[in-house]
Amino acid sequence: MLKRVHFRSSWLPYALVAPQILVTLVFFMWPAGQSIYQSFLIEDAFGFSTEFVWFENYTYLLTDSLYFDTVFRTLFFSFSVAFLSLSIALLLAGFVDRIIRGAMFYRTMLIWPYAVAPVIAGALWVFMFDPTLGILTAMLDSFGWHWNHRLNGGEAMALVIIAATWKQISYNFLFLVAAMQAIPKSLIEAAALDGAGPLRRFRTIIFPLIMPTGFFLLVVNVVYAFFETFGIIHVVTGGGPAKATEILVYKAYSDGFIGLDLGGSAAQSTILMIGVVLLTVIQFRYVERQVDYSS
Amino acid sequence: MTTLALNNVSKSYDAENVLSDVNFEVADGEMIVIVGPSGCGKSSLLRMVAGLEPITAGEVLINGQVVNKVEPKDRDIAMVFQNYALYPHMTVFANMAYGLKLRGLSVDAIKKRVTETALLLGLENLLERKPAALSGGQRQRVAMGRAIVRKPAIFLFDEPLSNLDAKLRVRMRLEIKALQQRLGVTSLYVTHDQVEAMTLADRLIILNDGAIEQIDTPMKVYQRPASTYVAGFIGTPPMNLLKCRVVSSNKNEVSVVHHEGATFRLPGGRVAKASSDEVTVGIRPDHLVISEGNQAKLQCAVQAIETLGSETLVHGRIAETPEDSAPFIVKLDGNTLPRIGEVLPLSYEMDALHLFDGNTGLRLASS
């Protein structure tokens, strides 16, 4: 049984939670409300007239095939990033968990990329893959592959996925290593005595036991890919070529601040917000069922 | 038929020597208990037999075959861990079936074996539960079941009872003993609890600071401890050990030794074997009695009393021992309740005295 703490004064508990509530109200609820209100308006590009149009912005979006292209592109991008960064991080964490000498060194090195700002990370990759002076482009060239993400949409998508994944591997790695180290060593030894080799131990003991962490990371990674990759895409491709790397947040930005369609942009933000909420609910409903927290 | 032997086994971590030159053999079906304080290297020893820890020097032999380089899974060994090491995401059934599945048994055979073992241990109603839903004693039993179900050649126990409460520990101790005798599996059992060691062992190994002090049956170890270390470790309350100086030494008759004013008389032959005139005399608290009349050989000033019902433990000082020295312990029957400050006249049989060399700490036997 949890012990309930009783405060004598009735205002103290409210005062204690007030700062958090206030921050949520001012920085989340208010802008979100503004955005929803804005999504019902059409404003001319110079801000002289505003018209309340109910759902016209939404009907326009939902009948626009270009918008759906962006939705599918975003899903492809997000799940690629989440899948790649999780599996590579899992692989690396599995290796680091097994080595004894120098584990600290590897761990530290693998965590560093997380300390790099998204825009800088994007810049690093843009330089390495630059079609005219990139070091990796030169290498690919020697294999006969003429890399040019400024012209080729597929290559541009690959590049932003690589950059976004590289950035996220560290974060996933950190959590997965911690989860693996929390598994008692005797469990692994018991499995070894029971006759399981390293691969089978990983599959039948370690993997199921780090599932709760894995699930948490899946949610975090998908949200990361949806929103926080803006900086990387902005630097690497600017959404191009021919919108080949334009994901939903990027479209909301470019339609609103470049195209000056504030109402349409607000409608996109609202849909995006609802979308991510739904996605998270689905993940909790269906994926979490496979997770065993009992350990 | 399985025998286990260790030949000159040593273990060191970096420069630190944990075990040096360990030699012993375990006969088929024998239960050997390794006992020692924490940090004496007993767990390392067990883990080397299991193959979980590399062997620095020497050989481990199973059935006469050197297994130093054999993988744990190929040694046909099962181990019960101190924290049980049950797979938390698997049911009791799956926990026990895991090792069988890996050995490629058919589904039916696995089911049969697990059910048999569960019946043996009284786990038949818990097979669908996860470890988190079990009590400490039940978990312990599942850990045993997981070891038994594979029918291994050797059982290893790494302090399996130390996470249980005192009452349950006594019960599980008896169960383990009965089970081991029934299955007749060669076993190695590690513990720091000397009562557990005494009750379970066919033979005891007393380990101190990485070296074996004595290997013998529990009774022999109790009656004839090989060193002051063993004497102080085995038996509750521990043996009284008194540093003495030889006063008069006579080869054939009786030698006299002194301890801060107290005098002990011993057969001459034993004292003569000492490397100097420094010796340690030991006497068990159980072997002291309150003497009638003027037959008293020792005077003990009572400082504290512990009443245990069936017996009374007296902590006191004999003769002119300094205040801060270890108390002299006397075990009296439960009805005798001396007062604090009282001086008890005590006597003992000469045979009850143990004699150890003052420098090496080793037992000095009579001839």
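# Close-up views of a two-chain predicted model

**Figure 1. Helix α1 of chain B is largely enclosed.** Eight of the nine residues of α1(B) are buried, so the rest of the structure largely encloses this helix. The model shown here, as in every view below, is predicted. The buried residues of α1(B) are Lys42(B), Ser44(B), Leu45(B), Leu46(B), Arg47(B), Met48(B), Val49(B) and Ala50(B). An α-helix has 3.6 residues a turn, so residues three or four places apart point the same way. What does the helix lie across? Helix α1 (residues 42-50) of chain B lies across β1, β2 and β4 (57-62) of chain B. The helix runs at about 120° to β1(B). Just after α1(B) comes Gly51(B), which has a positive phi of about 90°.

**Figure 2. Four strands of chain B form an open sheet.** The strand order is β2-β1-β4-β5 (chain B). Pairing in this sheet is antiparallel. Which strands sit at the edges? They are β2 (16-26) and β5 (65-66) of chain B, and each pairs on one side only. Look next at one pair in detail. Strand β1 (residues 4-13) of chain B pairs with β2(B) over seven bridges, in the antiparallel sense. Within that pair, Tyr13(B) stands opposite Glu16(B) in β2(B). Two of these strands, β1 and β2 of chain B, also have α1(B) lying across them.

**Figure 3. Thr3(B) lies in the segment before β1 of chain B.** Is this residue buried or partly exposed? Thr3(B) has 33% relative accessibility, so it counts as partly exposed. Buried would need under 20%, and exposed over 50%. Leave aside the neighbours within four places in sequence. Thr3(B) is then in contact with Val26(B), Ala27(B), Asp28(B), Leu61(B), Ile62(B), Asn63(B) and Gly64(B). Now follow the chain further. Thr3(B) and Thr186(B) are 183 residues apart along the chain, yet 7.0 Å separates their C-alpha atoms.

**Figure 4. Strand β7 of chain B is buried along its whole length.** Why is β7(B) described as largely enclosed by the rest of the structure? Five of the five residues of this strand (residues 154-158) are buried, so that description follows. In a regular strand the side chains alternate between the two faces of the sheet. In β7(B), Ile154(B), Leu156(B) and Asp158(B) point one way. Phe155(B) and Phe157(B) point the other way. All of these residues are buried.

**Figure 5. β7(B) has parallel partners in β6(B) and β8(B).** How many bridges join β6 to β7 in chain B? Four bridges join strand β6 (residues 77-80) of chain B to β7(B). These strands run parallel. Here Ala78(B) stands opposite Phe155(B) in β7(B). With strand β8 (residues 186-191) of chain B, β7(B) pairs over five bridges, again in the parallel sense. In this second pair, Ile154(B) stands opposite Thr186(B) in β8(B). Thr186(B) also appears in Figure 3, where its C-alpha atom is 7.0 Å from that of Thr3(B).

**Figure 6. A second open sheet in chain B has five strands.** Their order is β15-β19-β16-β17-β18 (chain B), and the pairing is antiparallel. The edge strands, each pairing on one side only, are β15 (289-290) and β18 (328-333) of chain B. How many bridges join β15(B) to β19? Two bridges join β15(B) to strand β19 (residues 343-347) of chain B. Val289(B) has Ser347(B) in β19(B) as its bridge partner.

**Figure 7. Ser78(A) is a buried residue in chain A.** Where is this serine found? Ser78(A) is in helix α3 (residues 65-98) of chain A. Its relative accessible area is 0%, so Ser78(A) counts as buried. Set aside residues up to four places away in sequence. Ser78(A) then touches Ala225(A) and Phe226(A).

**Figure 8. Chain A has twelve helices and two strands.** Read along the sequence, the pattern is α-β-β-α-α-α-α-α-α-α-α-α-α-α. The C-alpha trace spans about 75 × 75 × 30 Å along its principal axes. Chain A has 295 residues, and buried residues make up 40% of them. Take the contacts in chain A between residues at least 6 apart in sequence: 65% join residues at least 24 apart. About 17,300 Å² of chain A is exposed, with 71% of that supplied by carbon and sulfur atoms. Chain A holds 17 positive and 18 negative charges, and their mean positions are 19 Å apart.

How values were computed
Residues are numbered from 1 along each chain as its sequence is written. Chains are lettered from A and ligands numbered from 1 in the order in which they are written. This is a predicted model: local features need pLDDT of at least 70, side-chain atom pairs count only at pLDDT 80 or more; totals for chains, interfaces and linings use all residues. Side-chain values use heavy atoms; hydrogens and water are left out. Two strands pair if DSSP finds at least two bridges between them. Contact means heavy atoms within 4.5 Å. Axes are lines fitted to C-alpha atoms, for helices over the stretch in contact, and angles run from 0 to 180 degrees between N-to-C directions. Buried means under 20% relative accessible area, exposed over 50%, partly exposed in between (1.4 Å probe, protein chains only). Accessible areas come from the Shrake-Rupley method with a 1.4 Å probe; for residues, only the protein chains shown count as cover. Lys and Arg count as positive and Asp and Glu as negative; His and the chain ends are not counted. The place of a charge is taken as NZ of Lys, CZ of Arg, CG of Asp or CD of Glu.
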